[in-house]
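Me: I would like a close look at one part of this structure. Please keep it brisk and tie that part to the rest of the chain.

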Amino acid sequence: MPHKLIQGDKLPPLKLNLIDGRTISLPDELPGRYLALLFYRGHWCPYCLRHLAGYQTRLGELAQLGVTVIAATVDSLEDTKKVAASAEPDAPHSKEAISK
C-alpha cells in the first residue's frame, strides 16, 4: 500500500507540465520553500473551482509567507488554460499544472 502523505511530510519526486509549456520538477525546483499543491478534479467541478478561487484571493498573503501555490489537474491543456484565465485578473499569478 502506498504511503499516504500527511502535513509536514517531504514531497516525493513529481514532474508537472505547466500551462506555459514548461515542466516543473518537485520538490527539486522549490528547495527550502513551502508548497501548497492542490489537486482538483477539473473544470466541470463547481466545488473545485470555488476551492481554487479561495486560494486565488489569498495568493498575495501566501506569497508573503513564502508559500508557492500550484494547482494540478488531469484536465486537458485547453480546459486548464480556461480555468487559469477565469481567475481574478488583478490577483497575483499562480501556476496551473496538468498532471498526466
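How many disulfides does a search of the whole structure find? And which residues of helix α1 are buried, and which exposed residues does the face turned away from them carry?

Reply: This is a predicted model, so every statement below describes a prediction. The disulfide count comes first. A search of the whole structure finds 0 disulfides. Two cysteines still deserve a look. Cys45 is buried, because its relative accessible area is 4%, under the 20% cut-off. Cys48 also counts as buried, at 7% relative accessibility.

Cys48 leads into the part you asked about. Helix α1 covers residues 46-57, which makes 12 residues. From its first C-alpha to its last, α1 reaches 17 Å. The span expected at 1.5 Å a residue is 16 Å, so the two values are close.

Now the two sides of α1. Its buried residues are Cys48, Leu52 and Gln56. Viewed down the axis of α1, these buried residues fall within an arc of 80 degrees, so they line one face of the helix. The face turned away from that buried side carries Pro46, Tyr47, Arg50 and Thr57, which are exposed. His51 is also found in α1. At 35% relative accessibility, His51 counts as partly exposed, because that value lies between the 20% and 50% cut-offs. His51 and Leu38 are 13 residues apart in sequence. Their C-alpha atoms are 9.3 Å apart in space.

What does the buried side of α1 pack against? Its partners are β3 (34-39), α2 (59-64), β4 (67-73) and α3 (77-85). Two of these partners can be followed further.

Take α3 first. Asp79, Thr80 and Val83 are its buried residues. Down the axis of α3 they fall within an arc of 100 degrees, so they too line one face of their helix. On the other side of α3, Glu78, Lys82 and Ala85 are exposed.

Then β3. This strand packs against the buried residues of α1, and it also contributes to the largest pocket. That pocket has a volume of about 630 Å³. Its lining counts 23 residues. β3 supplies the largest share of that lining, with 6 residues. Nearest the centre of the pocket lie Asp9, Leu11, Leu35, Ala36 and Leu37.

The approach to β3 has a feature of its own. Pro27 sits in the loop between β2 (23-26) and β3. The peptide bond from Leu26 to Pro27 is cis, with omega near 0 degrees. Further back along the chain is Gly8, in the segment before β1 (14-18). Gly8 counts as exposed, at 77% relative accessibility. Gly8 and Tyr34 are 26 residues apart along the chain, and 9.9 Å separates their C-alpha atoms.

Finally, the whole chain around α1. There are 3 helices and 5 strands. Along the sequence they follow the pattern β-β-β-α-α-β-α-β. The chain has 100 residues, of which 33% count as buried. Consider the contacts between residues at least 6 apart in sequence: 64% of them join residues at least 24 apart.

To return to α1: Cys48, Leu52 and Gln56 are its buried residues, and they pack against β3, α2, β4 and α3.

Key
Residues numbered from 1 in each chain as written. Predicted model: local features only at pLDDT ≥ 70, side-chain atom pairs only at ≥ 80, totals over all residues. Heavy atoms only, no water. Helix = DSSP H or I, 4+ residues; strand = E, 2+ residues; numbered from the N terminus. Buried < 20%, exposed > 50% of the residue type's maximum accessible area, 1.4 Å probe, protein only. Arc of directions from axis to C-beta. Contact = heavy atoms within 4.5 Å. Disulfide = S-S within 2.5 Å. 1 Å grid on protein atoms, 1.4 Å probe; cavity = no way out; pocket = protein on both sides within 12 Å on 5 of 7 lines; lining within 4 Å. Points joined across faces, edges and corners; volume = space filled by probe spheres on them.
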